[in-house]
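Trainee: Please take one part of this model and look at it closely, explaining each term by its cut-offs as you go. I would like a sheet and the helices packed on it, in one connected account.

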Amino acid sequence: MAPRRKLHFRDRLQSGRCAAIRFRYNAGVRRWELTLALDPDGELPLFLQLATAIADAIRRGRLKPGDPLPGTRALAERLGVNRNTVVAGYEELSAEGLVCTRGGGGTFVAEALPAPAAAPPLPAQAPTYAFAPALPAPLAGTAPPRGVLMMSRGLPDVRLLPAAALARAFRRAIGRRGRAVLTYADPCGHVQLRAELATMLSRTRGLLVAPDDILVTRGSEQGIDLVARMLLKPGDAVAVEAFGYPPAWSVLKLAGARLVPVPLDDGGLDVAALEKILTRERLRAVFVTPHHQFPTTTVMSTVRRDRLAKLALQHGFAIIEDDYDHEFHYEGKPILPIAAGDGRANVIYVGSLSNLLAPGLSTGFVVAPGSVLEQLVRLRAASDAQSDAAVECAIADLFEEGEVLRHARRMRRIYAARRDALAAALARHLGGAIAFRVPDGGMALWARADDGIDVAAWARASEREGVLFCDSREYDFFHREQPFLRLGFTYHDESELEEAVRRMARALAKCERSGGQTKDMAAKPPSAAATTGSSRRSAAP
């Protein structure tokens, strides 16, 4: 330890008890400044405070081996101290083996740092306060590792996104409207995008909307969150599909909802069962995915939609209609949303562009009656006043140029071919193991495994083979083990889907050989039902 040095009068820093000290530890501008703190009235001399602070930054990893320290003269000027103070601090660090001086000049963090001595105990890293009960783990949303095929999610294939057109739209948005889209914006969303959405919703979904009837959100989950916070009080009962979308359930619970599961049948949410619930429960809302029920992809009929809308008006509850993938309907004409019917006054319609374009763009929207939308906008402004105006403006340009319409038509054609490719591969390799209907639309296929198959064990074995899919417990309100699985077909192309099914068949065979509960069903001949779109057994839960 170096002897205590006489303090120069300039070492008394100009203001404040504790001075925040920052220096650039790279000669260029590529690195952020490191902030340290010296106390001019502390017991230790300033050169030891400086040495101790830098040593602590090295031990904690804030400074890495080989990182340059600023020159003594430059650092002294920044700190307002004598240069000798900085020199003495650097000498102290050099004596401890933490820094070294190179031949070309300059002081650097040592490449080979000495073994750390027993460090003083750090302050407690875990909070000592209580917080709310943990929510269920989110659905896996990251891209799979290289070589792993993901069937567990019905995600869009972002390789097909018109990236060049989107990049040009971003450049135009920033170049033409830079100041307008990079400062605080309308919490309703960019007016040009709302106008384009109004046109699309009116033409393709039968919704009677104007731009002022639409709130643009950061994805459909934010839309559901705003609706739940606007609508619900703690303890309010909300009916949900017994097989459904767990993130939406979590959002509703955060708002205080008491969820009431409603069974499904081959037509989606069982409205007759809902009527029975209404005889004993006063519902505040019903959350439903009628277009392609999540996760089963079942399409709710017009008659059932109308009956649900009439019940909402009769009993005074709201319908939260989540239409997350409306564009992807392959057989026949899509049925119009509940929000386009006579009961629209009690419907809050939530949609998304994330499945059409890319999840990373995270753009959704809410359509609701004026008085409801006004409350939603106020909530949005209170918690998230700044919308993604640049993103929204760029997407609006893609709409205006016709790029979104061309992309939607292309994706519908490609995804229909991938759906058929998956159905054919399942029939070839797993025809005796699972039963399914080829869905009329959506981004995934819902299947039922043979009764002798442990689907959870099969999913684990498949993961070892490099393909991911989920058993139905993830989507079941009661987390029961049931013989269902959901297989996404939009994320991979036809050759990748073929390989994924081969891996699934290989995993199933290994399950049987390992002596588990799984029967050797993969070797059975393909089921004709799988290729015709009907099922030898109902695939509905």
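Mentor: Counting as a disulfide any pair of cysteine sulfur atoms within 2.5 Å, the total comes to zero disulfides. This is a predicted model, in which local features need pLDDT of at least 70 and side-chain atom pairs count only at pLDDT 80 or more, while totals for chains, interfaces and linings use all residues. Residues are numbered from 1 along each chain as its sequence is written, and side-chain values use heavy atoms, with hydrogens and water left out.

The part I would choose is an open sheet of four strands with antiparallel pairing, in the order β16-β17-β20-β19; strands (E, at least two residues) and helices (H or I, at least four) are DSSP runs numbered from the N terminus, and two strands pair if DSSP finds at least two bridges between them. β16 (434-436) and β19 (470-471) are at the edges with a single partner strand each, so one side of each has no neighbour in the sheet. Strands β17 (residues 444-449) and β20 (residues 484-488) pair over five bridges, and R486 in β20 is the bridge partner of W446.

Two helices lie across this sheet. Helix α12 crosses β16, β17 and β20, at about 150° to β16, whereas α13 (residues 455-465) crosses β16, β17, β19 and β20, at about 35° to β20; the axes are lines fitted to C-alpha atoms, for helices over the stretch in contact, and angles run from 0 to 180 degrees between N-to-C directions.

At the N-terminal end of α13, D454 acts as a cap, with a side-chain oxygen 3.2 Å from the backbone nitrogen of A456, and just after the helix G466 takes a positive phi of about 95°. Eight of the eleven residues of α13 are buried, where buried means under 20% relative accessible area, computed with a 1.4 Å probe on protein chains only; among them are A457, W458 and A461.

Setting aside neighbours within four places in sequence, W458 is in contact (heavy atoms within 4.5 Å) with residues including L430, I434, L485 and C511. W458 is also one of the residues with the most contacts inside the largest nonpolar core, which has 132 residues; such a core is a set of buried Ala, Val, Leu, Ile, Met, Phe, Trp, Tyr and Cys residues joined through side-chain atoms within 4.5 Å. The largest share of this core, eleven residues, comes from α12 (residues 403-430).

Notes. Buried means under 20% relative accessible area, exposed over 50%, partly exposed in between (1.4 Å probe, protein chains only). A polar contact is a pair of N or O atoms within 3.5 Å; within protein, one must be able to donate a hydrogen and the other to accept it, and residues adjacent in sequence count only if both atoms are side-chain atoms.
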